[in-house]
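Reader: I have a chain on screen and some questions about its side chains and strands. Can we go through them one by one?

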Amino acid sequence: MVFLTCSARCSFDMIHPNFEPVTMTAKTSILSIIVIQLTLLNGYCFGQFIDCGGELSDQAGVITSPNFPSNYPDDAVCQWHITVATNQVISLTFTRLDLDRYADQNCVDYLVFYDGPNDQYPRIGNAYCGYNSEESTLNILVRSNSNKMTVIFKSDSMGSRIGFSASYRAIDCQPFTYGRETCNNECPCNKSNTDYCNSLTGQCMCNSNWIGWDCSVLVDHCQDPNTCSDLYGVCANVLGGYECRCKPGLTKDSTGQCQDPGECTQKQCSHFCGVTSTNPLQETCYCPKGMMLNSTDETQTQCVDCPQWYYGDNCGFPAQCRQSNTESYNKTNGLCHCYLNWTSTYCDQDFDECNFLKQPCELEKDHASCFNTLGSFECRCSPGYEPKNETTCDECGKIITKAEGTIDSGYHLQYISTTLYPECNWTIEAPEGQVVSISFTRFGYDVGYYWSSCSSSYVTIYDGNTTSSNVIHDTRWGLPSIIRTSGNKMLLVRYPAYCNDDGYGFISSGFNASYWTHECPKFMYGQNCSIPCSCHINNTVSCNSIYSFCYCKSGWTGSDCSLDIDECSQKYYPCSDYTVCINLPGTYQCQCKPGLVLDSNYQCSYAVDSSACTSRNCSNMCVSYTPENETSPIEECYCPLGMEMVGNQCESRKINSSMIYDDLLFKIFFNPFNNFFLDLESFNS
């Protein structure tokens with residue numbers, strides 16, 4: 001063998017067509033070029049020659065990797081051909097085996113053995129690679145089944161190790177004998193049905209027509225319905241093989257194909273008809289493979305196609321295709337024709353479109369990446385891009401003016417951020433007088449859903465076209481069925497996942513949303529604001545345009561704002577000292593007690609025709625006044641809020657702190673004498 005090495009590399013398929021294998025003669029062996037490391041210069045490769053491999057015919061010997069016990073060179077390909085006497089086999093053992101190997105256990109440098117004069121013969125065992133301990137190395141035994149063995153060693157260009165050292169010897173081993181040290185055991189094979197017996201294990205290697213541990217079981221070739229390709233052929237097992245015969249009454253033409261001899265006179269068969277010599281009065285109609293006699297035809301003369309997912313002779317075989325992945329199948333032989341996204345004999349293996357010669361995704365400027373899925377693929381957009389169609393990504397951040405449509409952020413690449421920033425945004429603009437409605441049909445969870453230390457990406461929806469507009473909704477709050485603006489503009493802003501640690505990449509499943517623009521009159525609700533709300537309009541501030549909730553005016557309650565609130569009967573008293581509360585529809589009125597009137601400070605004081613008492617000694621306010629339709633004045637003692645009359649004295653009522661707090665709240669929000677009120681319409685909107 002010859003080993004070529006150069007200062008730079010080029011692959012085997014870069015060798016110039018005029019470059020021929022070189023052979024050279026040595027005293028002990030004929031060498032051929034096996035190990036090559038190429039440097040291309042004007043179409044030719046040049047290098048220096050190093051011995052490697054050879055033709056070996058001694059009864060025993062040693063083979064080693066190049067430079068052993070030093071490291072072997074890169075890009076080595078060595079080949080040894082060992083030949084011993086007839087009726088001998090070759091037994092090979094190792095004293096050292098240390099070859100380069102990847103961490104994932106894939107062999108990069110390896111040894112392989114073939115049971116014959118070249119690598120076209122069966123391989124003996126698996127490839128050998130990696131580091132093997134002294135004990136495991138000594139336990140390796142490679143045995144040929146003939147008097148020839150081929151050994152091939154290959155190394156890549158990514159580093160090397162010490163290599164290997166192996167000893168071989170010839171062992172007398174008569175056919176159909178086996179053993180580890182000597183072939184002193186008889187193989188249990190049926191010799192006439194066996195190609196050879198494994199000289200190490202005694203395993204019988206049957207010829208093509210026999211199976212079983214001793215090669216005594218005849219192979220049933222007719223199990224395969226496609227053994228005979230003739231449409232009217234019948235498979236018959238015979239000793240040592242099989243025969244394809246025609247159905248009874250049919251004959252073979254000059255090409256060997258079955259034909260109708262035309263001997264039937266009674267039956268009008270749609271296809272072939274046969275009459276046998278043993279029963280010349282019986283005529284039988286035959287259908288080709290892929291068809292069967294019509295079961296509803298009493299004459300049994302007409303052939304019909306096989307029912308779906310059956311094939312072969314008389315439609316007797318179920319098709320093995322994965323039906324959901326199969327576009328069609330051949331009813332004659334059952335061959336499956338897969339949909340474009342599936343492959344293999346039965347259409348049960350996914351076709352990896354992303355590794356196909358032509359990329360399905362438009363990868364210009366790294367805007368998208370192709371990800372294979374089961375039965376399909378996805379083009380996932382890079383950060384800052386969104387799907388334009390199934391195979392192309394476009395910059396995100398659009399101003400949308402169509403009356404309706406979809407927004408698809410799609411599967412896209414993301415990087416966990418340590419700062420919050422608007423990753424992408426969409427603005428939807430409707431004509432004046434209309435509103436914008438949107439509904440999320442899909443919203444994918446991402447990193448924050450799985451890592452509690454991170455927050456997921458989210459979308460914020462604004463009631464306008466800037467982030468200073470009011471927030472209508474944030475997807476972190478959940479996903480209502482419809483989200484709607486109050487005006488004609490909506491802004492959606494997508495924010496990325498947030499973590500304390502930066503730099504991790506992941507796939508976000510993004511979201512899909514449908515939007516539509518429309519008019520939405522007051523007190524109407526529904527998907528397009530076409531359903532009247534049930535609210536009593538005069539008692540209602542507004543109606544929720546999505547869910548039809550009625551926001552009642554002050555003084556009214558109930559689901560439709562039809563129930564008056566009796567403020568005077570509440571546990572908190574709405575009026576000030578020395579007053580009487582009178583309930584009115586939707587409101588109430590505070591009147592000063594008899595003899596008192598409201599002064600400029602919104603307090604009850606003596607009326608013009610009343611005065612302080614002269615005879616009763618009250619602890620608080622005492623009023624002397626003349627009741628209506630009376631001529632003589634009377635004197636009344638009045639107590640302020642929170643006190644009650646006991647004789648002429650006002651004493652504190654026993655109340656708890658919550659009652660005082662409720663009274664205070666009611667006086668703040670509902671007391672007409674205070675120059676303060678709650679704007680419910682602003683609050684509800």
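Reader: Is Glu 181 buried or exposed?
Author: Bear in mind that this is a predicted model. Residues over 50% relative accessible area count as exposed. Glu 181 has a relative accessible area of 52%, so the class is exposed.

Reader: Which residue forms a salt bridge with Glu 181?
Author: Glu 181 lies in the loop between strand 15 (177-178) and strand 16 (185-186). The partner is 12 residues apart from it, in strand 14 (residues 163-172). The closest N and O atoms are 3.3 Å apart. The partner is Arg 169.

Reader: What is the relative accessible area of Arg 169?
Author: Glu 181, the other half of the salt bridge, is exposed. Arg 169 is partly exposed, with a value of 35%.

Reader: How many salt bridges does a search of the whole structure find?
Author: Side chains of opposite charge can pair when their charged atoms come close. The pair of Arg 169 and Glu 181 is a salt bridge. So is the pair of Glu 243 and Arg 245. The search of the whole structure gives 7.

Reader: What is the N to O distance between Glu 243 and Arg 245?
Author: Glu 243 is partly exposed at 38% relative accessibility. Arg 245 is partly exposed too, with 42%. Their side chains meet in a salt bridge, N to O, at 3.0 Å.

Reader: Which residue meets Arg 476 in a salt bridge?
Author: Arg 476 is exposed, with a relative accessible area of 55%. Its partner counts as buried, at 4% relative accessibility. The N to O distance is 2.9 Å. The partner is Asp 474.

Reader: Which residues do salt bridges that share partners join into one network?
Author: Arg 476 and Asp 474 meet in a salt bridge. The network is made of other residues, joined through shared partners. They are Arg 96, Asp 98 and Arg 161.

Reader: The charged end of Arg 476 sits over which ring?
Author: The side chain of Arg 476 also meets Asp 474 in a salt bridge. Its charged end lies 3.6 Å from the centre of the ring in question. That ring belongs to Tyr 458.

Reader: How many aromatic pairs does the count come to?
Author: Rings of Phe, Tyr and Trp pair if their centres lie within 6.5 Å. By this rule the count is 14.

Reader: What kind of aromatic pair do Phe 94 and Phe 113 form?
Author: The rings are 6.3 Å apart, centre to centre. Their planes are at 75°. Angles over 60 degrees count as edge-to-face, and this pair is edge-to-face.

Reader: How many residues apart in sequence are the parts that this pair of Phe 94 and Phe 113 ties together?
Author: Phe 94 lies in strand 10 (residues 88-98). Phe 113 lies in strand 11 (residues 110-114). Phe 94 is buried at 2% relative accessibility, and Phe 113 is buried at 1%. The pair therefore ties together parts whose separation in residues is 19.

Reader: What kind of aromatic pair do Tyr 547 and Phe 549 form?
Author: Tyr 547 is partly exposed at 38%. Phe 549 is partly exposed at 48%. Their centres are 5.8 Å apart, with 25° between the planes. Planes under 30 degrees apart count as stacked, and this pair is stacked.

Reader: Where does Tyr 578 lie?
Author: Tyr 578 has a positive phi of about 65°, although it is not a glycine. It is buried, with a relative accessible area of 14%. It lies in the loop between strand 55 (563-564) and strand 56 (579-584).

Reader: Is Asn 629 buried or exposed?
Author: Asn 629 also has a positive phi, about 70°, and is not a glycine. It is found in the loop between strand 61 (621-625) and strand 62 (634-638). Its relative accessibility is 76%, so it counts as exposed.

Reader: How many bridges join strand 61 to strand 62?
Author: The open sheet has 3 strands in the order 60-61-62, with antiparallel pairing. Its edge strands are strand 60 (611-612) and strand 62. Ser 624 has Glu 635 in strand 62 as its bridge partner. The number of bridges joining strand 61 to strand 62 is 5.

Reader: Is the peptide bond from Phe 68 to Pro 69 cis or trans?
Author: Pro 69 lies in the loop between strand 8 (60-64) and strand 9 (77-83). Omega is near 10° for this bond. The bond is cis.

Definitions and conventions: Residues numbered from 1 in each chain as written. Predicted model: local features only at pLDDT ≥ 70, side-chain atom pairs only at ≥ 80, totals over all residues. Heavy atoms only, no water. Helix = DSSP H or I, 4+ residues; strand = E, 2+ residues; numbered from the N terminus. Buried < 20%, exposed > 50% of the residue type's maximum accessible area, 1.4 Å probe, protein only. Phe/Tyr/Trp six-rings, centres within 6.5 Å; stacked < 30°, edge-to-face > 60°. Lys NZ or Arg CZ within 6 Å of the ring centre and 35° of its normal. Pairing = 2+ DSSP bridges. Salt bridge = Lys/Arg side-chain N within 4 Å of Asp/Glu carboxyl O.
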